[in-house]
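Thanks for making time. I have one structure to go through this morning, and I will put it on the screen now.

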Amino acid sequence: MSETTQTPKSLKAQITRTSLVLAAAALLREQGPKAVTYRKVAKWAGAASSSVGYYFDSVTQLLHEAGRYNIQLWAERAEKAASAAEAMSVEECRERAVDLLIRACLPDDSVVPSAHYAQLIAAAESPVVTEAYQKGRVSLDAAVGRILSHAGIDMPARMVGTIVDGAAVAAISEGYDVREFASGLLADAIEVYGFEKR
């Protein structure tokens, strides 16, 4: 499988191809990998079904690009939180560390948390999506690591993601507010790890 087909030469072709990736990414986020079919993607993009087959060798290739796009969105959100942290004094970053880490790890308020986690679990149905998410997680963890480093919290970045994700799933299944529940558990963990002396 080629990772990407040849880049379309005309602006119209580039726009069409991009709209197909965006539609596939939205379907992947909202309904999981099984929902990404040529017909559905074309319908969501407002394009002809034949255009999907023209720009992509297979649904697998389209899923791969959709997965890459989604994780890029999450990594960019985390990087914005890291940049905000680094623009603060160490003291302010420490005071706001939980909020910054939650912002980096959880989707924004426009995304329903249960849908977000359902599609992450459904990603297991597609090896190319899990591969894209694994690669993207490196960028997300790097951004979380920047926040931890600036705040002087000696805690592994991956642990933050694990705590937040675990708290989110527990909150969803038990009927609690996701952000509030994850923030509380994360604050408890940070207290255990403590802050470096500076």
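I will go from the overall fold to the annotated regions, then the core, the pockets and a few single residues.

First, a caution: this is a predicted model. Everything I say about positions and contacts should be heard with that in mind.

The overall fold. The chain has 10 helices and zero strands. Reading from the N terminus, the order of elements is therefore simply α-α-α-α-α-α-α-α-α-α. Along the principal axes, the C-alpha atoms fill a box of roughly 60 × 40 × 25 Å. There are 198 residues in the chain, and 44% of them are buried. Taking contacts with a separation of 6 or more, 69% are between residues 24 or more positions apart.

Now the annotations, which come from an unreviewed UniProt entry. That entry places "domain: HTH tetR-type" at residues 14–74. In the model this span is 80% helix and 0% strand, and its end C-alpha atoms lie 23 Å apart. UniProt also places a "DNA-binding region", again from an unreviewed entry, at residues 37–56. For residues 37–56 the model gives 75% helix and 0% strand, with 12 Å between the end C-alpha atoms.

Next, the core. As background, in soluble globular proteins nonpolar side chains tend to be buried together. Here the largest nonpolar core holds 59 residues, and the members that touch the most others are Val41, Val144, Val160 and Val164. Helices that each supply at least two residues of this core include H1, H2 (38–45), H3 (49–55) and H4, and also H6 (97–105), H8, H9 and H10 (178–193).

What does Val164 touch, once neighbours within four places in sequence are left aside? The contacts of Val164 are Ile102, Cys105, Leu106, Tyr117, Ala182 and Leu186.

Ile163 is also found in helix H9. Is Ile163 buried or exposed? Its relative accessibility is 19%, and the cut-off for buried is under 20%, so Ile163 counts as buried. Leaving aside neighbours within four places in sequence, Ile163 is in contact with Met155, Leu185, Leu186 and Ala189. With Leu185, the C-alpha atoms are 7.2 Å apart in space, and the two residues are 22 apart in sequence.

On to the pockets. The largest pocket has about 340 Å³ of space. It is lined by 15 residues, and those closest to its centre are Arg29, Leu73, Trp74, Arg77 and Val111. Helix H1 (11–31), helix H4 (59–86) and helix H7 (113–122) each give at least two residues to that lining. H4 has the largest share, with five residues. By class, the lining of the largest pocket has six nonpolar, three polar and six charged residues.

The second largest pocket has a volume of about 280 Å³. Its lining is also 15 residues, with Ile71, Leu120, Tyr133, Arg137 and Asp165 nearest the centre. Two or more lining residues come from each of H4, H7, helix H8 (127–151) and helix H9 (157–174). In this case the largest share, five residues, comes from H8. The lining of the second largest pocket has eight nonpolar, three polar and four charged residues.

That brings me to H7. Which residues of H7 are buried? They are His116, Tyr117, Gln119 and Ala122. The elements that cover these buried residues include H1, H4, H8 and H9.

Take His116, which sits in helix H7. His116 has a relative accessible area of 6%, and so is buried. Not counting neighbours within four places in sequence, His116 is in contact with Trp74, Pro107 and Val111. Trp74 and Val111 were named a moment ago among the residues closest to the centre of the largest pocket.

Last residue: Ala123, in the loop between H7 and H8. Relative accessibility for Ala123 is 1%, so Ala123 counts as buried. Beyond four places in sequence, Ala123 touches Pro33, Val129, Thr130 and Tyr133. Tyr133 is one of the residues nearest the centre of the second largest pocket. Ala123 and Arg29 are 94 residues apart along the chain, and their C-alpha atoms are separated by 9.3 Å. Arg29, in turn, is one of the residues closest to the centre of the largest pocket.

That is the tour. I am happy to go back to any of the views.

Key:
Residues numbered from 1 in each chain as written. Predicted model: local features only at pLDDT ≥ 70, side-chain atom pairs only at ≥ 80, totals over all residues. Heavy atoms only, no water. 1 Å grid on protein atoms, 1.4 Å probe; cavity = no way out; pocket = protein on both sides within 12 Å on 5 of 7 lines; lining within 4 Å. Points joined across faces, edges and corners; volume = space filled by probe spheres on them. Helix = DSSP H or I, 4+ residues; strand = E, 2+ residues; numbered from the N terminus. Nonpolar A, V, L, I, M, F, W, Y, C, P; charged D, E, K, R; others polar. Core = buried A, V, L, I, M, F, W, Y, C linked by side-chain atoms within 4.5 Å. Buried < 20%, exposed > 50% of the residue type's maximum accessible area, 1.4 Å probe, protein only. Contact = heavy atoms within 4.5 Å. UniProt positions renumbered as here; feature names shortened; annotations may be inferred.
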